[in-house]
Amino acid sequence: MLVSVALPLPLFRTFTYEVDDAQAERARPGMRAVVPFRNRRELGVIVASGEPAPGVTPKPVIALPDDEPVLGADMLALCHWMAEYYVVPLGIAIRSVLPAALSSQSAPQPVRRTRRVASIVREIPSLLQRDEVFARTKQQRALYELLESLGGRAAVEHLTEQLRFSPSVLQSLVKRGMVAVEEEVVARDPFGWRAAPKSAVHVPSPAQRSALDALFAAKGGDVFLLHGVTGSGKTLVYIELLREVVLNRGRTAIVLVPEIALTPQTVDRFRAVFGDQIAVLHSALSDGERYDEWLALRDGKKRIAVGARSAIFAPLRDLGAIVVDEEHESSYKQGEAPRYHAREVAIIRAKREGAVVVLGSATPSLESWVNADAGRYARLTLPARVGEGRLPAVDVVDLREAAREAANKRQEPTDWLRLVISEPLERALSDRLKKGEQSILLLNRRGYAAFVQCGVCGDVASCPNCSISLTYHRAPERLVCHYCQHAEPPRTQCPRCKGLLLKQRGWGTQQVERLLADRFATARIARMDVDTTSGKWAHAEILDRVAAGEVDILLGTQMIAKGLDFPNVTLVGVVDADVGINLPDFRASERCFQLLSQVAGRAGRGPKGGRVFIQTRVPAHHAVRCAVEHDYTKFVSQELAGRNTPTYPPNVRIANVVFSGTTEAATASLASSATTWLHALLRKRPVPGFTVIGPAPCAVDRIKNRWRWHVLLKAEHPRDLSRLGRYFLERFRVPNEAQLRVTFDRDPVALL
Ligand SMILES: [Zn+2]
Ligand SMILES: [Zn+2]
């Protein structure tokens with residue numbers, strides 16, 4: 001008997017093998033199979049029975065390691081769809097669907113059970129005292145203050161390996177009695193020790209009620225766009241839907257959230273209602289633990305999967321509902337092959353398996369909005385906040401005026417905080433501190449200064465591996481590339497002109513944190529960005545401290561804008577709304593509008609109300625203006641009009657084809673020969689509504705020592721992208737030099 005096996009290799013074909021009589025019974029589609037391939041063993045999945053080919057003697061399958069298929073017929077069909085739509089080999093689509101423990105031939109990694117943790121034991125509240133204590137020990141101060149910013153404790157491994165502090169600096173702090181180091185047991189499951197929250201009874205509002213009525217009456221495959229302003233109670237709708245689908249109708253469900261560690265409150269609310277019916281698939285699970293959850297879901301022991309992007313592949317049977325919370329988030333798109341979007345996969349899976357899909361957001365993606373306009377999705381609206389919450393008033397602070405005023409005074413700035421935080425925002429902050437209320441400050445730029453520039457010749461310190469400037473970090477002090485993590489000591493002299501005047505430009509979160517601490521000496525400030533973690537769970541810990549009222553000011557990057565609900569937060573300040581607004585990317589304005597609207601939505605969720613200040617140099621930009629007015633539909637109509645000349649999604653379908661290699665010449669020449677190839681093909685077989693744009697260097701034209709060029713394919717009919725993409729990737733020959741590579745990104749979330 002012959003079988004056709006998909007292997008996780010970059011080849012657009014399956015391979016035929018022979019199974020003996022003993023194996024024949026188990027050799028069904030969806031079974032894993034160990035097979036000989038060239039001179040090695042490969043682990044693949046049987047996808048069909050095999051056809052004999054003339055003149056070829058198939059090799060025998062080496063082993064079938066499982067008793068049951070790892071993929072059911074529905075999941076296998078979903079893999080076929082992904083392979084075709086995203087133009088990847090079937091074996092690579094299958095690999096992304098299975099838990100890592102099943103897709104590697106090696107055993108799952110053992111779980112580490114303990115770690116060493118450093119924590120501050122002596123607090124030094126005043127800056128004067130601090131200057132004295134650390135007079136000659138700059139490194140110790142840096143480490144001490146970093147620990148503070150991490151909430152007073154952090155894993156030693158994180159400090160020494162990721163942040164590169166010397167262990168001797170830590171030892172000195174321990175000897176001086178300022179810091180203690182202890183062994184700590186690592187929780188197997190971070191949700192294991194999170195107190196199970198009490199399930200409060202909420203009565204749906206009329207708007208929530210009518211959304212639920214529509215969902216309960218829906219038929220399998222129906223897609224709903226739940227557009228609800230921030231604080232309008234979307235989570236309650238999800239929970240009541242699942243109560244009906246899972247508890248009353250006995251089916252199963254998937255809930256997707258952008259990132260578990262950043263949305264602990266949402267996950268807790270599901271746990272409160274559904275308890276151990278839920279498998280929470282989060283990044284802190286080891287491969288083995290993830291596999292355990294996968295089995296529990298497959299065997300029906302757990303009936304709800306909650307997780308980020310890949311939870312869409314949970315092996316549930318009789319799927320009744322899929323919720324995609326914050327459906328506009330770009331984290332739903334996978335960055336490597338298959339470059340799938342979990343929202344699109346959800347819709348395809350639901351159609352096949354008869355589930356209802358809810359896409360929820362206060363700021364839906366333009367794609368989903370247009371689909372709702374066209375009647376492909378049904379729109380549900382929650383127009384107002386629930387309970388006593390009101391949408392906050394938003395004030396714009398024009399930073400250009402502030403700068404003009406400062407220039408008129410014709411004096412050197414001595415008040416550094418004023419350069420970052422305007423007077424009205426500072427007044428509002430100190431008012432909240434007096435009242436014991438909490439504030440959130442957003443600055444979407446981590447590090448201390450965005451870049452370092454020579455004051456003589458203007459040279460900017462940039463990464464040796466990427467075409468991107470280096471960010472200046474304190475604690476530990478170094479220049480870091482945010483693309484490839486290259487780090488080097490700070491410069492004392494300009495390498496180009498030997499000048500000694502090096503200036504830091506562009507405020508980062510580390511610097512603003514320091515300025516705030518100087519101004520508001522008694523305030524409890526927490527910073528949250530990718531540098532303030534010792535493992536992904538640290539973010540949830542910081543959020544727990546905010547919830548417990550242990551933080552007065554939470555300062556952070558975009559990660560603080562995701563679905564947090566703290567009734568005592570009455571002030572939100574956006575330090576610099578313009579970060580990212582001018583990126584050379586067609587979604588730059590949309591992302592800016594979403595971020596501003598989402599972070600503004602953190603204010604005023606309780607009875608005390610809220611206020612928002614947005615600091616900007618472009619107050620007339622439609623992304624800023626519409627966020628200020630809480631006007632989503634106005635933003636959409638202006639933004640959609642802007643995507644007509646030139647056309648961009650959702651007005652057209654695109655794929656970004658990226659060419660990369662170790663030399664600039666070879667990369668550029670590959671991109672241009674590919675373009676010529678595509679044009680020749682289209683001349684021979686014209687495809688109406690299909691255009692090839694480029695080639696051009698990518699906006700970031702070198703990353704990790706690889707040069708990058710790209711070509712944009714635009715199509716009126718989605719099918720043409722699959723067809724032409726596949727034809728191109730299969731037939732176009734990439735020369736064997738300069739490590740040249742081609743990647744195909746369908747429906748890209750960014751073009752950088
Ligand atoms: Zn210079
Ligand atoms: Zn770099």
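**Close-up views of a predicted model**

**View 1. The largest cavity and its lining.** The largest cavity has a volume of about 100 Å³, in a model that is predicted. In total, three cavities of 30 Å³ or more are counted. Thirteen would be a long list to label, and the residues nearest the centre of the largest cavity, out of the 13 that line it, are Pro8, Leu43, Gly44, Val45 and Ser103. Two or more lining residues each come from strand S4 (40–49), helix H3 (90–97) and helix H4 (100–103). Sorted by class, the lining of the largest cavity comprises eight nonpolar, three polar and two charged residues.

**View 2. The site of the zinc ion (ligand 1).** Four cysteine sulfurs, those of Cys454 (SG), Cys457 (SG), Cys494 (SG) and Cys497 (SG), coordinate the zinc ion (ligand 1) at 2.2 to 2.4 Å. The angles among these four donor atoms run from 103 to 113 degrees, and the site is tetrahedral; for comparison, the ideal angle for four tetrahedral donors is 109.5 degrees. Along the chain, the donor residues of the zinc ion (ligand 1) show the spacing C-x2-C-x36-C-x2-C. Because Cys457 lies in the loop between S18 and strand S19 (471–473), while Cys497 lies in the loop between strand S21 (487–488) and strand S22 (502–507), the pair ties together parts that are 40 residues apart in sequence. Cys457 is partly exposed, with a relative accessible area of 27%, and Cys497 is likewise partly exposed, at 31%.

**View 3. The site of the zinc ion (ligand 2).** The protein donors of the zinc ion (ligand 2) are Cys463 (SG), Cys466 (SG), Cys481 (SG) and Cys484 (SG), which lie 2.2 to 2.4 Å from the ion. The arrangement is tetrahedral because the four donor atoms subtend angles of 105 to 113 degrees. In sequence, the donors of the zinc ion (ligand 2) follow the spacing C-x2-C-x14-C-x2-C. Of these donor residues, Cys481 and Cys484 are both buried.

**View 4. The surroundings of Phe451.** Phe451 is located in strand S18, which covers residues 449–454, and is partly exposed, with a relative accessible area of 26%. When neighbours within four places in sequence are left aside, the residues in contact with Phe451 are Val460, Ser469, Leu470, Lys503, Gln504 and Arg505. For orientation within the chain, Phe451 and Ser49 are separated by 402 residues in sequence and by 58 Å in space, from C-alpha to C-alpha.

Key. Residues are numbered from 1 along each chain as its sequence is written. Chains are lettered from A and ligands numbered from 1 in the order in which they are written. This is a predicted model: local features need pLDDT of at least 70, side-chain atom pairs count only at pLDDT 80 or more; totals for chains, interfaces and linings use all residues. Side-chain values use heavy atoms; hydrogens and water are left out. Helices (H or I, at least four residues) and strands (E, at least two) are DSSP runs, numbered from the N terminus. Buried means under 20% relative accessible area, exposed over 50%, partly exposed in between (1.4 Å probe, protein chains only). Contact means heavy atoms within 4.5 Å. Donors are N, O and S atoms within 2.8 Å of the metal (3.2 Å for Na, K and Ca); water is not among the atoms, so sites may look incomplete. Four donors count as tetrahedral if all angles lie between 85 and 135 degrees; four count as square planar and six as octahedral if opposite donors are over 155 degrees apart and all others between 65 and 115; anything else is irregular. On a 1 Å grid over the protein atoms alone, a cavity is a set of points where a 1.4 Å probe fits but cannot get out, and a pocket is an open set with protein on both sides within 12 Å along at least five of seven lines; lining residues have an atom within 4 Å of a point. Grid points are joined across faces, edges and corners, and a volume is the space filled by probe spheres set on the points. Ala, Val, Leu, Ile, Met, Phe, Trp, Tyr, Cys and Pro count as nonpolar, Asp, Glu, Lys and Arg as charged, and the others, Gly among them, as polar.
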